[in-house]
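Open the model in your viewer and keep the selection tool at hand. The stops below say what to select next and what is there.

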Amino acid sequence: METENILIKDAQILDAHGQRKGSVLIENDKIKEISTSISPEGVNKVINAEGKLLIPGFVNTHTHLSMTLFRGIADDLKLEKWLNDYIWPLEAHLNGEYCYAGALLGCVEMIKSGTTTFNDMYFYMDHVAEAVKESGLRAVISHGMIDFGDEKKRKAEIKESKRIIRKCHGMADGRIKVALGPHSPYTCSRQLLDEVRSLADKYGLLIHIHVAETEDEVRQVKDKYGERPFIYLDEIGFLGEDVIAAHAVWLSSSEIHILRSRGVKLSHNPASNMKLASGVSPVEELINMGVCVSLGTDGAASNNNLDMLEEMKIAALLQKIKKMDPTALDAGTVFKMATINGAAALGMADEIGTIEVDKKADLALINTRRSSITPWRNPTSHLVYAASGCDVESVICNGEILMENDKLESLDEKYVIELAENAAEELISKA
């Protein structure tokens, strides 16, 4: 295959290692060279990045992508009412076409706001995988499993997860991987969690699960199993370095020690936790204890967007007010959460999350000549506290240009919006 290369010329580069000026040469799907003196001779495509900030593509470690169709449908409600009276009844009418449409819309939104990799749990995941394949993004996907102790339902959930593994793991030249997605310890039986653990060990797959999102969840697990959620999961041998737990809001000191000792990765979802009044995760304590904490948006029904730039700002501000300390969760730390920590959570720290030679070319260019981030002084601070998804100008994933100069290249935005709007209207009319 003929080498395809892209030169991003004269950029200001920012990642977890710091700031520097330079050019980045991409060959096929990887970064080939980073220096201040790369010749454009023989290069297929040159992107002039003067006045631009080059960052790693964001890694969103907790999404329900197809829930873009539910955006704005059930706002200002408690979690139990939100789920029981709105979300679950709507989900009963989902099908593959609807999930494909919602996933495409989510991919458009993520590309336009600089996300190149995401960790998704939902339904009809083979249809979601098709949307991801078309978009050019990188994803870990999992079928969301719930059995409520019903044996027939448990068997069906495991069967569907195995089908998705066979069909989708390694799709799109390896951009799509499959994980196992038990919903939570209060919606999944001990038997289902045991089977998930066995399958993860057998196939070397990640596990994506919600844990300790609300006080009520903690109460339910304690009432049923006699222990707090993470203690219960540890006692049954479920936890390990391959587990990504979303939310982790209500934690005891014992649970924090368990998370550290087991190497469990966490996805912090501050906007969703605030909107549903779930609580505030002790992120500062977790990071200080050495726990890997990444950042996720959750679904668009409880956020209501997938903008990781906005999520970074919310995460930082939430910890500051929780601690009553303006130095808590500084901009540099939260930027790492959205990039290299997310890569580590997904087992991809050697491939993505920083801008280094031989890593995948998953990158985003920020236009620093926008009024909201002028005067341009402190790149990290501006990125976290002043920028928004609208400031992302170009996005590359796996060496492919997905958006250039604010124009989507991999998807037809107008078509996707119309498709998703129609799907949402049909779905709501059925429910």
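Select Lys-155 first: its relative accessible area is 53%, over the 50% cut-off, so Lys-155 counts as exposed. The model is a predicted one. Add Glu-151, whose side chain meets that of Lys-155 in a salt bridge, at 3.4 Å from N to O. Glu-151 has a relative accessible area of 45% and is partly exposed. Both residues belong to helix α4, where four residues, about one turn of the helix, separate them.

Stay on helix α4 and select residues 151-168. Which residues make up the patch of positive charge on the surface? Lys-159, Lys-162, Arg-166 and Lys-202 gather there. Helix α4 is the largest contributor to the positive patch, giving three residues. One residue of helix α4 to pick out is Arg-166. Is Arg-166 buried or exposed? Arg-166 is exposed, at a relative accessible area of 65%.

Next, select Arg-262 and Asp-234. Their side chains form a salt bridge with an N to O distance of 2.7 Å. Arg-262 sits in helix α8 (residues 253-262) and Asp-234 in helix α7 (residues 229-235), so this pair ties together parts that lie 28 residues apart in sequence. Colour the two by accessibility: Arg-262, at 40%, is partly exposed, whereas Asp-234, at 18%, is buried. The value for Asp-234 is under the 20% cut-off, which is why Asp-234 counts as buried.

Now select Asp-126, Glu-160, Arg-163 and Lys-167 together. These four are joined into one network by salt bridges that share partners. Side chains of opposite charge can pair when their charged atoms come close.

How many salt bridges does a search of the whole structure find? The search finds 29. For another of these pairs, select Glu-404 and Lys-45, where the closest N and O atoms are 3.0 Å apart. This salt bridge links distant parts of the chain: Glu-404 is in strand β17 (residues 400-404) and Lys-45 in strand β4 (residues 45-48), with their positions 359 residues apart in the numbering. Glu-404 is buried, with a relative accessible area of 17%, while Lys-45 is partly exposed at 28%.

Move on to strand β15 (residues 363-367) and select Leu-365 within it. Leu-365 has 3% relative accessibility and counts as buried. Add Leu-54 and set a distance label between the two C-alpha atoms: the separation is 4.7 Å, although the residues are 311 apart along the chain.

Finally, clear the selection and show the whole protein chain. How many helices and strands are there in the protein chain? There are 15 helices and 18 strands. The radius of gyration is 21 Å, close to the 22 Å given by the globule rule for 431 residues, so the chain is as compact as a globular protein of that length. Along the principal axes, the C-alpha atoms fill a box of roughly 65 × 45 × 40 Å. Colour the chain by relative accessible area to end the tour: 60% of the 431 residues count as buried.

Technical notes: Residues are numbered from 1 along each chain as its sequence is written. This is a predicted model: local features need pLDDT of at least 70, side-chain atom pairs count only at pLDDT 80 or more; totals for chains, interfaces and linings use all residues. Side-chain values use heavy atoms; hydrogens and water are left out. Patches are made of residues with over 30% relative accessible area and no salt bridge: like charges are joined within 9 Å, nonpolar side chains (Val, Leu, Ile, Met, Phe, Trp, Tyr) within 5 Å. Accessible areas come from the Shrake-Rupley method with a 1.4 Å probe; for residues, only the protein chains shown count as cover. Lys and Arg count as positive and Asp and Glu as negative; His and the chain ends are not counted. The place of a charge is taken as NZ of Lys, CZ of Arg, CG of Asp or CD of Glu. Helices (H or I, at least four residues) and strands (E, at least two) are DSSP runs, numbered from the N terminus. Buried means under 20% relative accessible area, exposed over 50%, partly exposed in between (1.4 Å probe, protein chains only). The radius of gyration is taken over C-alpha atoms; the globule rule is 2.2 Å times the number of residues to the power 0.38.
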